[in-house]
Structures are given as C-alpha cells and as structure tokens.
Amino acid sequence: MDKILAGLASLMVVATAPMVAHAQTPAPSAPGGTTTVALTQNLTPFQLVNLAYEGGLQDQGIPSYGQFENAYAQNKVDAHSLVAAAIQGRYVPANTAQDGGYLNGVRLQLRSVAPDSNSYRLP
C-alpha cells in the first residue's frame with residue numbers, strides 16, 4: 001500500500017510541477033548596468049488552451065471562461081490566434097506558429113472547450 005501511495009504522490013508532483021522557463025543567453029549589459037533575458041516556456045497545446053481559458057492571455061486580447069467559449073464559437077479565437085497570443089506573452093517560442101502538429105493539438109484542445117459550438121468547423 002505504501003508503494004502505491006508513493007507512486008501516486010510522485011505522479012501528483014510530476015503533474016503539478018511548474019513549467020520550467022528556458023532562459024536564452026542574456027544580452028550584454030546596457031549602459032545602466034541592466035541585462036535583458038528573454039524567457040520562453042514550452043507549453044503543451046493542452047496547457048496553452050487551459051491558460052487561455054483561465055484568463056492567462058487576457059493581456060494579449062484573449063478573453064477568459066464563458067467569453068472564451070463564446071469567442072471560439074463565433075470564430076474569434078482559433079488555434080492561430082491562441083498561438084500568436086502565446087508567442088507575444090512568451091509562453092511558447094516564435095517558431096511554434098509554423099508547427100503544424102502543435103497547431104493541430106491546439107485545435108483538438110479547443111474543440112474540448114466548447115464541443116458543440118464548432119463540431120463542423122474546418123481547420
């Protein structure tokens with residue numbers, strides 16, 4: 001029983017572990033002594049759609065919760081707009097916009113948000 005509980009505990013830790021930000025090489029120090037570091041997280045399509053749904057992309061113009069569902073149903077939010085917002089918010093690298101597999105993954109996750117709204121929608 002202890003082994004089962006330990007296994008479940010490790011799964012919980014892995015599932016809830018924060019995403020690791022990958023820091024790019026810092027830019028040389030500016031005259032004021034400040035440095036610039038660009039951070040990019042590698043979100044999965046599932047994490048990206050959940051982030052957007054929960055309001056994490058509102059600064060990039062993506063609505064949250066019920067408004068997110070409505071925007072998707074009205075074709076105002078799609079995989080491309082979510083990925084563009086995530087790039088702008090530095091949640092995914094810029095080359096994600098050209099990753100067809102990633103975009104298809106986002107489309108699939110979007111369909112789970114409001115499955116009845118866009119069941120006949122073309123990609």
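What percentage of the 123 residues in the protein do buried residues make up?

1. Buried residues make up 26% of the 123 residues in the protein. This value, like the others in this note, should be read with the understanding that the model is a predicted one.

2. As for overall architecture, the protein has five helices and two strands, and these elements follow one another along the sequence in the pattern α-β-β-α-α-α-α. Among the contacts in the protein with a separation of 6 or more, 52% are accounted for by residues that stand 24 or more positions apart.

3. Helix α2, which spans residues 45-53, contains the buried residues Pro 45, Leu 48, Val 49, Leu 51 and Ala 52. Because these residues cover an arc of only 160° around the axis, they are placed on the same side of α2. The partners against which the buried residues of α2 pack are α3 (65-73), α4 (79-88) and α5 (100-113).

4. After α2 comes Gly 55, and a colleague inspecting the backbone at this point will find that the phi of Gly 55 is positive, near 95°.

5. Two of the helices against which α2 packs, α4 and α5, also deserve attention as a pair, since their axes come within 9 Å and cross at roughly 110°. An angle from 65 to 115 degrees counts as roughly perpendicular, and α4 and α5 are therefore roughly perpendicular to each other. The crossing of these two helices is right-handed. On the α4 side the contact is made by Ala 79, His 80, Leu 82 and Val 83, while α5 contributes Tyr 102, Leu 103, Val 106, Arg 107 and Leu 110. Sorted by character, the residues of this contact between α4 and α5 comprise seven nonpolar, one polar and one charged.

6. A further point concerns Gly 101, which lies in helix α5. Is Gly 101 buried or exposed? With a relative accessible area of 54%, Gly 101 is exposed, given that the cut-off for exposed is over 50%. Pro 45, by contrast, is one of the buried residues of α2. Gly 101 and Pro 45 are 56 residues apart in sequence, and their C-alpha atoms are 9.7 Å apart in space.

Technical notes: Residues are numbered from 1 along each chain as its sequence is written. This is a predicted model: local features need pLDDT of at least 70, side-chain atom pairs count only at pLDDT 80 or more; totals for chains, interfaces and linings use all residues. Side-chain values use heavy atoms; hydrogens and water are left out. Buried means under 20% relative accessible area, exposed over 50%, partly exposed in between (1.4 Å probe, protein chains only). Helices (H or I, at least four residues) and strands (E, at least two) are DSSP runs, numbered from the N terminus. The arc is that of the directions from the helix axis to the C-beta atoms. Contact means heavy atoms within 4.5 Å. Axes are lines fitted to C-alpha atoms, for helices over the stretch in contact, and angles run from 0 to 180 degrees between N-to-C directions. Angles under 35 degrees count as roughly parallel, over 145 as roughly antiparallel, 65 to 115 as roughly perpendicular and the rest as oblique. A crossing is left-handed if the near helix is turned anticlockwise from the far one by less than a right angle, and right-handed if clockwise. Ala, Val, Leu, Ile, Met, Phe, Trp, Tyr, Cys and Pro count as nonpolar, Asp, Glu, Lys and Arg as charged, and the others, Gly among them, as polar.
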